[in-house]
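Colleague: Thanks for making time for this one. Shall we go through the packing together, one piece after another?

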Amino acid sequence: EEEIRKQKEHIEEIHKDLTDSVNYAKRLQSSALPDRKLLYEHFNESFIVFKPKDVVSGDFYWFVKVLDSFVVTVADCTGHGVPGAFMSMISMTLLKEIVINEYITQPDVILRKLRKEIIIAFKQTGASGEPKDGMDISLCSINLKTLEMQWSGANNPLYIIQTVASQPFELKEIKPDKMPVAYYEKMDKFTLHELKLNKGDIIYLASDGYQDQFGGRNGKKFLSKRFKELLLKTCPDMSQQVKSMKEQEEILDKTIESWMHGYETKYEQTDDITVMGIKI
């Protein structure tokens, strides 16, 4: 019995050390994420739903104002938990280097440079059996004066609701390039998409965590069709009572929580979840 008690204490000690370490890592990761005040300062109607699967996250969001451009991104690094968090910290550092230090705000160029730096940082050669570290990302640059937007995506799309007067609202999905920001068999240039935004338009950047979550009555994935319908249905200008982006954030949060836990079978969160909405 004494032996069992000692083992139990030893295991509890290891568990406490690990928990303390991961919680400290969470503090470090949180301090590396940009201050949301900056986002609200330029787009007071905006939100971020950020739900890591574990304590620390392989998803991250990042934004910065450079001259007249507001560069904003949501990225999903390989893995979640501690490995994903390492990857996200390195990626944020590389983004700062490219966007802030080099004044580069054109999304396709940012992604090409980011891919090059990740290949160097992780010594990727494409050899078989090599870990496929990298990220899927949706990145846009909005000119705050002209409201012209440039966007590029690697595996993750951009959703946009345009509020054209007298026309019914519709949600457009701009498809990404089907390749990650990493060493890959296809390493073409990233496509640059250019759009003119109008006041009242809403853009959404997201990782695939929301739509890939299992739950509901039959334990199925949420899926992108349902996700897009939810964005449109809860869009701040769609309903008769004009909702705010804050309310939409709450609806998105509650919907995925009840999808996971609101039925007989409770489902664990399968991946990090990040959704960012910005109303122009």
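**Around the helices**

Modeller: Happy to, and let me start with a residue I like: leaving aside residues up to four places away in sequence, L114 touches S91, L94, L95, I98, M135, I137 and V181. Please keep in mind that this is a predicted model.

Colleague: Good start. Is L114 buried or exposed?

Modeller: L114 is found in helix α4. Its relative accessible area is 0%, and the cut-off for burial is under 20%. L114 therefore counts as buried.

Colleague: And how many Å separate the C-alpha atoms of L114 and T146?

Modeller: Along the chain, L114 and T146 are 32 residues apart. In space, their C-alpha atoms are separated by 27 Å.

Colleague: Back to the helix of L114, then. Are α3 and α4 roughly parallel or oblique to each other?

Modeller: Helix α3 covers residues 81–101 and helix α4 residues 107–121. Their axes come within 10 Å and cross at roughly 130°. Angles over 145 degrees count as roughly antiparallel and 65 to 115 as roughly perpendicular, and the crossing of roughly 130° is in neither range. α3 and α4 are therefore oblique.

Colleague: Is that crossing of α3 and α4 left-handed or right-handed? And how do the residues of the contact divide into nonpolar, polar and charged?

Modeller: The crossing of α3 and α4 is right-handed. On the α3 side the contact has M87, S91, L94, L95, I98 and V99, and these meet I110, K113, L114, E117 and I118 in α4. By type, the residues of this contact divide into two charged, one polar and eight nonpolar.

Colleague: You listed V99 there. Which residues does V99 touch, not counting residues up to four places away in sequence?

Modeller: V99 is found in helix α3. With a relative accessibility of 0%, V99 counts as buried. Beyond residues up to four places away in sequence, the residues that V99 touches are W62, V64, V66, V71, I104 and I110.

Colleague: How far apart in space are V99 and R115, C-alpha to C-alpha?

Modeller: In sequence, V99 and R115 are 16 residues apart. C-alpha to C-alpha, the distance between V99 and R115 is 14 Å.

Colleague: Now for α1 and α3. Are α1 and α3 roughly parallel or roughly perpendicular to each other?

Modeller: The axes of α1 and α3 are 11 Å apart, and the two helices pack at an angle of about 25°. Angles under 35 degrees count as roughly parallel. α1 and α3 are therefore roughly parallel.

Colleague: Which residues make the contact of α1 and α3, and is the crossing left-handed or right-handed?

Modeller: From α1 come V22, L28, Q29 and A32, and from α3 come V82, A85, S88, M89, M92 and K96. These residues divide into seven nonpolar, two polar and one charged. As for the crossing of α1 and α3, it is left-handed.

Colleague: Q29 caught my eye. Is Q29 buried or exposed?

Modeller: Q29 is found in helix α1, residues 2–32. Among the residues that Q29 touches are V56, S57 and D59, as well as A85, S88 and M89. Its relative accessible area is 6%, so Q29 is buried.

Colleague: Last one: how many disulfides does a search of the whole structure find, and why is C140 not bonded to C235?

Modeller: C140 and C235 are each buried, at 0% relative accessible area. A disulfide needs cysteine sulfur atoms within 2.5 Å. The sulfur of C140 is 17 Å from its closest cysteine sulfur, in C235, so that is too far for a bond. The number of disulfides found in the whole structure is zero.

Conventions:
Residues numbered from 1 in each chain as written. Predicted model: local features only at pLDDT ≥ 70, side-chain atom pairs only at ≥ 80, totals over all residues. Heavy atoms only, no water. Buried < 20%, exposed > 50% of the residue type's maximum accessible area, 1.4 Å probe, protein only. Axes fitted to C-alpha atoms, helices over the stretch in contact; angles between N-to-C directions. Helix = DSSP H or I, 4+ residues; strand = E, 2+ residues; numbered from the N terminus. Left-handed = near helix turned anticlockwise from the far one by under 90°. Contact = heavy atoms within 4.5 Å. Nonpolar A, V, L, I, M, F, W, Y, C, P; charged D, E, K, R; others polar.
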